[in-house]
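Here are a few short exercises to work through with the model open beside you. Try each one on your own before you read its solution.

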Amino acid sequence: MLRLYRARFSTNVERVALALANKGLEVESVAISYEDRSPVVRVSGQGLVPVLVDGDEVIPDSVHILRYLEAHWPDPPLFPRDAARSAELDVFFDWFNEVWKRAPNAIEDELERDDPDEEQVAQHAARMRASLDRFEALLDGRDHLLGDDFSAADCVAFPFLKYGKLRDRADDELFHRILEDNLRLDGTHPRLSAWIDRVNERPRA
Ligand SMILES: N[C@@H](CCC(=O)N[C@@H](CS)C(=O)NCC(=O)O)C(=O)O
């Protein structure tokens, strides 16, 4: 049985939860709180979730876990089989994690300071807002971010972009409020809005 170390409302855990359920895989969950990460530190030597355990294999990091799942349970596929499409997915992962996420992370860093730089916050907020047009364009003529089919790109982006229209009222994390405040759709970006609804209907482990 696979074991998943998770925390409530974690975006990176939801990436994996989507992939697992869409591959029809079940997991035993170990829920941790950020106040006590000892269970996940004990098993993986670091404190971040998600961590997947499969027998003797311990896999931290959401994208590494998605790749591991694909390598071991290739059907239904979440990664393209041909090299060019697969490289496009790698580019998307890198852009989303290393470029797109920089703005909300920077806003969170500013807001956690005693004296946030409002100008910096406004610039990053404008970048987040502008990125909505790019997602809207990615969905022009297709149902998912990199094509007609649901893929690992959707698993990676959905848990963040969903805050444009969905937030559990019990979820009060600062990072998630930043996503909600700066990605709010309010009737704009109809393709992105429909994609959020479409992916939200999918199961999670
Ligand atoms: N690169 C990692 C990042 C994991 C990560 O930052 N996880 C967050 C939850 S979404 C976490 O464990 N945060 C605990 C903390 O920072 O205190 C991944 O993609 O899985």
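**A starting point**

A polar side-chain atom of arginine 37 lies 2.3 Å from an oxygen atom of the ligand; a polar contact here is a pair of N or O atoms within 3.5 Å, where within protein one must be able to donate a hydrogen and the other to accept it, and residues adjacent in sequence count only if both atoms are side-chain atoms. The model is predicted, so local features need pLDDT of at least 70 and side-chain atom pairs count only at pLDDT 80 or more, while totals for chains, interfaces and linings use all residues. Residues are numbered from 1 along each chain as its sequence is written, and side-chain values use heavy atoms, with hydrogens and water left out.

**Exercise 1. Map the surroundings of the ligand.**

Step 1: List the residues around the ligand. A residue is near a molecule or strand if one of its heavy atoms lies within 4 Å of it. The ligand is surrounded by Ser10, Thr11, Asn12, Arg15, Tyr34, Arg37, Leu48, Val49, Pro50, Asp61 and Ser62.

Step 2: Look for further polar partners. Serine 62 places a polar side-chain atom 2.6 Å from a ligand oxygen atom, and for asparagine 12 the corresponding distance is 3.5 Å.

Step 3: Ask how much of the ligand is covered. On its own the ligand has 510 Å² of accessible area, and the protein covers 71% of it; such areas come from the Shrake-Rupley method with a 1.4 Å probe, and for residues only the protein chains shown count as cover.

Step 4: Take a second look at two residues from the list. Valine 49 and proline 50 are joined by a cis peptide bond with omega about 10 degrees, and proline 50 lies in the loop between α2 (38-44) and β3. Aspartate 61 sits in the loop between β4 and α3 and is partly exposed because its relative accessibility is 39%; buried means under 20% relative accessible area, exposed over 50%, and partly exposed in between (1.4 Å probe, protein chains only).

**Exercise 2. Work out the order of the strands in the sheet.**

Step 1: Settle the terms. Helices (H or I, at least four residues) and strands (E, at least two) are DSSP runs, numbered from the N terminus. Two strands pair if DSSP finds at least two bridges between them.

Step 2: Go through the pairs. Strand β1 (residues 2-6) runs parallel to β2, with five bridges, and tyrosine 5 has valine 30 as its bridge partner in β2. Between β1 and β3 there are three bridges in the antiparallel sense, with leucine 4 opposite leucine 52. Strands β3 (residues 51-54) and β4 (residues 57-60) are antiparallel too, over four bridges, and leucine 52 has isoleucine 59 as its bridge partner in β4.

Step 3: Put the pairs together. The four strands make an open sheet of mixed pairing in the order β2-β1-β3-β4. Because β2 (27-31) and β4 each have a single partner strand, they stand at the edges, with one side lacking a neighbour in the sheet. From one strand to the next, the twist averages 20 degrees.

Step 4: Inspect the β3 and β4 hairpin. Two residues separate its strands, and glycine 55 takes a positive phi near 65 degrees.

**Exercise 3. Which residues does buried histidine 144 touch?**

Step 1: Place the residue. Histidine 144 is in the loop between α6 and α7 (152-161), and it counts as buried because its relative accessibility is 5%.

Step 2: Collect its contacts, meaning heavy atoms within 4.5 Å. Not counting residues up to four places away in sequence, histidine 144 touches Leu138, Leu139, Asp149, Phe150, Asp154, Trp195, Arg198, Val199 and Arg202.

Step 3: Pick out a polar contact. A polar side-chain atom of histidine 144 is 3.4 Å from the backbone nitrogen of phenylalanine 150.

**Exercise 4. Compare two residues with positive phi.**

Step 1: Recall the background. Most residues other than glycine have a negative phi, and most peptide bonds are trans.

Step 2: Find the residues. Aspartate 186 has a positive phi of about 45 degrees, and histidine 189 has one near 50 degrees. Aspartate 186 lies in the loop between α8 (174-183) and α9 (190-200), and histidine 189 is also found between α8 and α9.

Step 3: Check their accessibility. Aspartate 186 counts as exposed at 65%, whereas histidine 189 is buried at 13%.

Methods:
Axes are lines fitted to C-alpha atoms, for helices over the stretch in contact, and angles run from 0 to 180 degrees between N-to-C directions.
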